[in-house]
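Colleague: Hi! I have some time to go through this model with you. Could you pull it up?

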Amino acid sequence: MKCHRNALRRIPSVDRVLGAPVLHDLLRDEPRPLVLRFVRAHLEGLRARILSGDMEPTPSPEEVAADIARRVRERPRGLARVLNATGVVLHTNLGRARLAPEAVEAVLEAAGGACDLEFDLETGRRSRRGVHVEERLVEVSGFESALVVNNNAGGLVLALNELSQGREAIVSRGELVEIGGSFRIPDVMARTGARLVEVGTTNRTHLADYEQAIGPDTAVLVKVHRSNFRQEGFVSEPTLAELVEVGRHRGVPVLHDLGSGLLRAIAGAESEPTLAESLAAGVDLVAMSGDKLLGGPQAGILLGRRELVDRLRGNPLARALRVDKMTLAALAATLDLLEDGDRAVERVPTLRSLVATPAELESRASWIAEGLSAIPGMTVRTMPGLGEVGGGAVPARGLPTTMVGLSLQGMSARNLAEELRRMPLPVVARIVDEEVLLDPRSLDPGEDAECVRAVAEWSERRGG
Ligand SMILES: *Cc1c(COP(=O)(O)O)cnc(C)c1O
């Protein structure tokens, strides 16, 4: 007990710690209340350790201050920028689509001051939020009308609630999918107040199944894109155009959950359905994400017949699901880039990643490998591999690439990957067979050098 008392007495005071030169420097950059919180928490931690019988020598005020300064500087902040070297282009946990610089610029402009979000500069009167972006969507897609909401899941909720609350929504058993993060299409549909009518079987649904299920209470035929898996073998389903024809004939609209939102066909995503195909098939309403293959911000985009879109706009849920000015700004800028197909694959990072050729990726991987091989103790090699689109798009079909394999003497792959994630600019990589793998496909070409520099600096810091 006496030992405790002596050790407790040696704990430096808050003022002594704050007076240390390192904290003096720190306080020039960081808010005082925040630093004070760290100091108090740190000293309380010391006290608790001593009381629990920890007999390590009590640190000096300078040692305590240095520890606190490091903790404050390395504290987790809102969102950390990371380098996505996983090879998954649309990585949901890493924020899906990377915005084009033009879109980032537009966000900064809209966010940093007042903007004409719901204001008509010509007349000086109030205007409708999103009207400009919706006009751009109509131009780019060819559909009659558009509405932008928070995300695609929200768009589906809104559409089903408006079209089929208290009535029937028909969907194939082969499309009752789980998208990820326990987002299940049937559960969401049920919450919208729609009565779900399942038709067909898991592997085969025929046009006649839909036709027979349509009754006086049928409000909508729902077609869901199986984003994240593929069916092969004894499978069959009607085409979108056939479904639309049945719907037309019986006076029931077709809602197509397109998911990934690819405007037109593109190398790297050949098997993905496109918005152009939905339009050609005559679908009444399409729902898709803004931050998958469209390469824009998180958003739900609804496109379709004017009369239907107007109904959705008037639904009270539309207000609850509305988007903010930053989303609209980023989406408008992305649509500008997408309108010109050739320019789009160069300027929209998601598309650029998809169309990157194996030759290009090989040369980038070699460049990264060469930079990293200068690191003491690091064994570096390049090898062919497969990346993926991710975000639920283009399942079961790898994107051929060249990967950079890393191993560090005396360190497991798991620990090396963890060290890379803890760098000031974290690099997120994959581990396969005791090797850390970096795939340049999901990095922006400009990030290759940042990746090499980050790892080199980490190695220098640890005295490598
Ligand atoms: C991704 C996806 C969704 C969900 O979209 P969010 O924008 O993430 O809400 C819904 N349906 C399909 C088919 C999808 O691929």
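Modeller: Happy to. One cut-off before we begin: a residue is called buried when its relative accessible area is under 20%, exposed when that is over 50%, and partly exposed in between. Bear in mind too that this is a predicted model.

Colleague: Good, let's use that on the cysteines. Is Cys-451 buried or exposed?

Modeller: Cys-451 counts as buried, because its relative accessibility is 0%.

Colleague: And Cys-115, how does that one count?

Modeller: Cys-115 counts as partly exposed, because its relative accessibility is 34%.

Colleague: How many disulfides does the count come to?

Modeller: Zero disulfides.

Colleague: Okay, changing topic. What surrounds the ligand?

Modeller: The residues around the ligand include Arg-96, Asn-151, Asn-152, His-225, Asp-257, Gly-259, Ser-289 and Lys-292. Ala-153, Ile-179, Phe-183 and Ser-227 are also on that list.

Colleague: What about polar distances, say for Arg-96?

Modeller: An N or O atom in the Arg-96 side chain is 2.7 Å from a ligand oxygen. For Ser-289, a side-chain N or O atom is also 2.7 Å from an oxygen of the ligand. Lys-292 has a polar side-chain atom that lies 2.7 Å from a ligand oxygen.

Colleague: Ser-289 is in strand 12, I think. Is that strand mostly covered or mostly open?

Modeller: Mostly covered. Strand 12 spans residues 285-289, and five of its five residues are buried.

Colleague: Which way do its side chains go?

Modeller: Leu-285, Ala-287 and Ser-289 point one way, while Val-286 and Met-288 point the other way. All of them are buried.

Colleague: Which strands does strand 12 pair with?

Modeller: Strand 11, residues 254-259, runs parallel to strand 12 and is joined to it by four bridges. One of the pairs there is Gly-259 with Met-288. Between those two strands the chain passes through helix 12, residues 275-281, in a right-handed β-α-β crossover. Strand 13, residues 300-304, runs antiparallel to strand 12, with five bridges between them. Ala-287 has Leu-302 of strand 13 as its bridge partner.

Colleague: Nice, and Gly-259 was around the ligand as well. Now strand 15: how many of its residues are buried?

Modeller: Eight of the ten, so strand 15 (residues 399-408) is largely enclosed by the rest of the structure.

Colleague: And what does strand 15 pair with?

Modeller: Strand 14, residues 378-390, pairs with strand 15 in the antiparallel sense over ten bridges, and Thr-379 stands opposite Ser-407. Strand 18, residues 435-438, also pairs with strand 15 in the antiparallel sense, over three bridges. There, Val-404 stands opposite Leu-438.

Colleague: What is the side chain of Thr-401 in polar contact with?

Modeller: With the side chain of Asp-439, at 2.8 Å. Thr-401 lies in strand 15 and counts as buried, because its relative accessibility is 5%. Leaving aside neighbours within four places in sequence, its contacts include Leu-361, Met-383, Pro-384, Pro-440 and Arg-441.

Colleague: Last one: where is Asp-448, and is it buried or exposed?

Modeller: Asp-448 is in helix 20, residues 447-461. Asp-448 is buried, because its relative accessible area is 5%.

Colleague: Which side chain makes a polar contact with the Asp-448 side chain?

Modeller: That of Arg-364, at 2.8 Å. Not counting residues up to four places away in sequence, Asp-448 touches Arg-364, Trp-367, Ile-368 and Leu-443.

Definitions and conventions. Residues numbered from 1 in each chain as written. Predicted model: local features only at pLDDT ≥ 70, side-chain atom pairs only at ≥ 80, totals over all residues. Heavy atoms only, no water. Disulfide = S-S within 2.5 Å. Buried < 20%, exposed > 50% of the residue type's maximum accessible area, 1.4 Å probe, protein only. Pairing = 2+ DSSP bridges. Right-handed = clockwise from strand over helix to strand, strands pointing away. Polar contact = N/O pair within 3.5 Å; in protein donor to acceptor, adjacent residues only side chain to side chain. Contact = heavy atoms within 4.5 Å. Near = heavy atom within 4 Å.
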